[in-house]
Amino acid sequence: MVVEDNAMLLGLLQRALERAGYEVIPVLSGSEMMQRLQQDRPDLIVLDIALPDSDGRDLLAAMKKDPRTFSVPVVVWSGRYADSDRAIVLDLGAEDYVEKGPPSGLVPKIERVLLRISERELAAARKTIEPKA
């Protein structure tokens with residue numbers, strides 16, 4: 001799922017991700033994101049924090065408190081470049097914070113996040129099935 005209020009940027013990012021083999025759920029607002037999360041369970045959310053109807057930090061906090069969505073990984077893609085914004089979203093549970101730039105630069109970050117999550121899930125699964133010594 002990609003949450004970006006700028007339709008042109010959303011389209012560019014959607015095309016870049018689809019070329020990389022990802023299925024994209026395009027979303028233009030925070031309220032639409034929260035509504036879609038009631039129906040869809042994306043593997044990852046790319047979230048802009050400066051949305052006209054919501055602050056992405058508030059959306060992220062709400063997601064991480066909700067048992068239905070707390071495990072959905074979030075990569076914040078933002079035009080805000082302050083270190084404090086980066087620290088806040090990472091403290092709230094975002095997997096990564098990427099400054100807005102060419103969408104092609106975001107694709108490798110998403111791939112690394114998904115790989116990291118897969119490795120964590122595999123390690124957790126091994127712990128549950130390995131006999132204790």
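## Surface and overall form

The protein exposes about 7600 Å², of which carbon and sulfur atoms supply 54%. The structure described here is a predicted model. Buried residues account for 40% of the 133 residues in the protein.

Along its principal axes, the C-alpha trace of the protein extends over about 55 × 35 × 30 Å. As for charge, the protein carries 18 positive and 22 negative side chains. The centres of these two sets are 4 Å apart.

## Order of the elements

Five helices and five strands constitute the secondary structure of the protein. Read from the N terminus, the elements follow the pattern β-α-β-α-β-α-β-α-β-α. The radius of gyration of the protein is 15 Å, close to the 14 Å that the globule rule gives for 133 residues, so the protein is as compact as a globular protein of that length.

Contacts may also be viewed by their separation along the chain. Among contacts between residues at least 6 apart in sequence, 56% join residues at least 24 apart.

## The sheet

In what order do the five strands stand in the open sheet? The order is E2-E1-E3-E4-E5, and the pairing is parallel. The edges are formed by strand E2 (26-27) and strand E5 (96-99), each of which pairs on one side only.

Two of the pairings can be described in detail. Strand E1, residues 2-3, pairs with E2 in the parallel sense over two bridges, and Val2 stands opposite Pro26 in E2. Strands E3 and E4 also run parallel, joined by three bridges. Here Val46 has Val75 in E4 as its bridge partner.

## Strand E4 and helix H3

How many of the five residues of E4 are buried? Five of the five are buried, so E4 is largely enclosed by the rest of the structure. The side chains are divided between two directions: Val74, Val76 and Ser78 point one way from E4, while Val75 and Trp77 point the other way, and all are buried.

Helix H3, which comprises residues 56-65, also has buried positions: Gly56, Arg57, Leu59, Leu60, Ala61 and Met63. The cover over the buried residues of H3 includes H2, strand E3 (45-47), strand E4 (74-78) and helix H4 (83-92). Both helices and strands are thus named in that cover.

## Buried residues in the loops

Ile25 lies in the loop between helix H1 (7-19) and E2. With a relative accessibility of 17%, Ile25 is classed as buried, because the limit for that class is under 20%. Apart from its neighbours within four places in sequence, Ile25 is in contact with Met1, Val2, Arg36 and Asp40. The C-alpha atoms of Ile25 and Gln14 are separated by 8.3 Å, the two residues being eleven apart along the chain.

Ser29 belongs to the loop between E2 and helix H2 (30-37). Is Ser29 buried or exposed? Its relative accessibility is 15%, and Ser29 therefore counts as buried. Setting aside neighbours within four places in sequence, the residues in contact with Ser29 are Val3, Leu51 and Asp53. Between Ser29 and Asp48, 19 residues apart in sequence, the C-alpha to C-alpha distance is 9.3 Å.

## Ser54 and Ile88

Where is Ser54 found? Ser54 is in the loop between E3 and H3. This residue is buried, with a relative accessible area of 18%. Leaving out neighbours within four places in sequence, Ser54 is in contact with Gly30, Ser31, Ile49 and Leu59. One of these, Leu59, is itself among the buried residues of H3. Ser54 and Asn6 lie 48 residues apart in sequence, and their C-alpha atoms are 14 Å apart in space.

Ile88 is placed in helix H4. The relative accessible area of Ile88 is 36%, and the residue is partly exposed. From C-alpha to C-alpha, Ile88 and Leu17 are 26 Å apart in space, with their positions 71 residues apart in sequence counted as a separation.

Methods
Residues are numbered from 1 along each chain as its sequence is written. This is a predicted model: local features need pLDDT of at least 70, side-chain atom pairs count only at pLDDT 80 or more; totals for chains, interfaces and linings use all residues. Side-chain values use heavy atoms; hydrogens and water are left out. Helices (H or I, at least four residues) and strands (E, at least two) are DSSP runs, numbered from the N terminus. The radius of gyration is taken over C-alpha atoms; the globule rule is 2.2 Å times the number of residues to the power 0.38. Buried means under 20% relative accessible area, exposed over 50%, partly exposed in between (1.4 Å probe, protein chains only). Contact means heavy atoms within 4.5 Å. Accessible areas come from the Shrake-Rupley method with a 1.4 Å probe; for residues, only the protein chains shown count as cover. Lys and Arg count as positive and Asp and Glu as negative; His and the chain ends are not counted. The place of a charge is taken as NZ of Lys, CZ of Arg, CG of Asp or CD of Glu. Two strands pair if DSSP finds at least two bridges between them.
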